[in-house]
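Reader: I'm new to this. Could you show me how to read a few features here?

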Amino acid sequence: MQRHLISAADLTRDDAVLILDTAEEMARVADRPIKKLPTLRGRTIVNLFFEDSTRTRISFEAAEKRLSADVINFTAKGSSVSKGESLKDTAQTLEAMGVDAVVIRHGASGAPYRLATSGWIDAAVINAGDGTHQHPTQALLDAFTMRRRLVGRDAGLGQDLSGRRITIVGDVLHSRVARSNVDLLHTLGAQVTLVAPPTLVPVGVHTWPCEVSYDLDSTLAKSDAVMMLRVQRERMNAAFFPTEREYSRRYGLDGLRMARMPEHAIVMHPGPMVRGMEITAEVADSDRCTVVEQVANGVSIRMAVLYLLLGGNEPAVTHTRTTEEK
């Protein structure tokens with residue numbers, strides 16, 4: 001593992017499989033009465049969030065606390081950032097406090113990379129989402145969920161997603177989740193198809209390791225997993241489609257469309273969902289939808305990433321010997 005996790009494209013196949021396998025170990029901790037490991041005791045981790053977040057921030061905080069780290073939560077609202085403090089000055093303040101890792105979410109693409117390579121701070125940097133660029137831990141938890149559902153928990157150990165067909169549908173233009181998933185799923189051997197209106201497909205998408213389609217119905221029958229993306233209105237400065245009804249009719253996933261998918265296929269969503277637009281309540285509440293699983297798996301994945309970046313050489317999970325073994 002490298003020192004920082006900035007982009008899903010930085011991970012090799014072996015790196016990604018190691019994280020997924022370590023997350024499988026971490027998931028067993030959630031089944032214990034006491035969900036704690038002493039791995040990061042004495043380490044200080046700062047959650048540096050310049051954008052609003054619910055799932056990612058809480059997920060990272062839960063992962064850090066389950067590994068016994070000391071956690072500091074920082075939000076831009078109510079901090080010196082609202083007074084005009086720069087990222088450099090904020091980083092140097094954290095450096096003076098002696099933090100060991102920074103989990104950063106920022107509205108500007110490239111901010112985590114800048115923080116990791118600038119020399120402002122001597123700490124591991126984990127990208128929790130930067131602008132429309134990357135969100136590597138989201139891609140990892142999505143791959144972890146796919147592997148568990150499509151390959152199996154125990155059968156999946158050491159395995160990648162070779163031969164699996166994944167369809168990502170929606171606002172690809174503004175989606176860091178789509179970019180990260182395309183990079184990671186390609187590394188893991190999956191075949192990815194992006195489906196979106198032409199106005200929501202990025203320029204230069206032909207250089208990405210995936211296919212592009214504008215017709216959702218033609219891709220459903222051959223998909224092992226369909227990932228729906230939220231339309232990110234907060235990043236839009238123009239009209240990208242005529243009406244919500246038109247978008248939902250062409251690119252929304254309802255019960256009829258879900259019925260055309262193979263029986264083993266799953267429906268995914270990074271959240272938050274806009275029910276009635278990209279996904280209907282019927283699909284969101286069905287057994288094939290993995291949204292809640294993705295949230296639970298996110299804690300395991302982030303525990304694995306933190307452990308591998310900061311935890312040293314000791315085993316991730318220590319198993320106490322029984323009296324008979326002694």
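Author: Sure, let's start with Arg-230, which sits in the loop between strand E8 (225-228) and helix H8 (244-251). Helices (H or I, at least four residues) and strands (E, at least two) are DSSP runs, numbered from the N terminus. The model is predicted, so local features need pLDDT of at least 70 and side-chain atom pairs count only at pLDDT 80 or more, while totals for chains, interfaces and linings use all residues. Residues are numbered from 1 along each chain as its sequence is written, and side-chain values use heavy atoms, leaving out hydrogens and water.

Reader: Is Arg-230 buried, exposed or partly exposed?

Author: Buried means under 20% relative accessible area, exposed over 50%, and partly exposed in between (1.4 Å probe, protein chains only). Arg-230 has 21%, so Arg-230 counts as partly exposed.

Reader: Which residues is Arg-230 in contact with, leaving aside neighbours within four places in sequence?

Author: Contact means heavy atoms within 4.5 Å. For Arg-230, that gives Asp-171, His-269, Pro-272, Val-274 and Glu-278.

Reader: And what about Ser-7, buried or exposed?

Author: Ser-7 belongs to the segment before helix H1 (13-29). Its relative accessible area is 9%, so Ser-7 is buried.

Reader: Which side chain shares a polar contact of 3.5 Å with that of Ser-7?

Author: A polar contact is a pair of N or O atoms within 3.5 Å; within protein, one must be able to donate a hydrogen and the other to accept it, and residues adjacent in sequence count only if both atoms are side-chain atoms. Here the partner is the side chain of Gln-134. A polar atom of the Ser-7 side chain also lies 3.1 Å from the backbone nitrogen of Ala-9.
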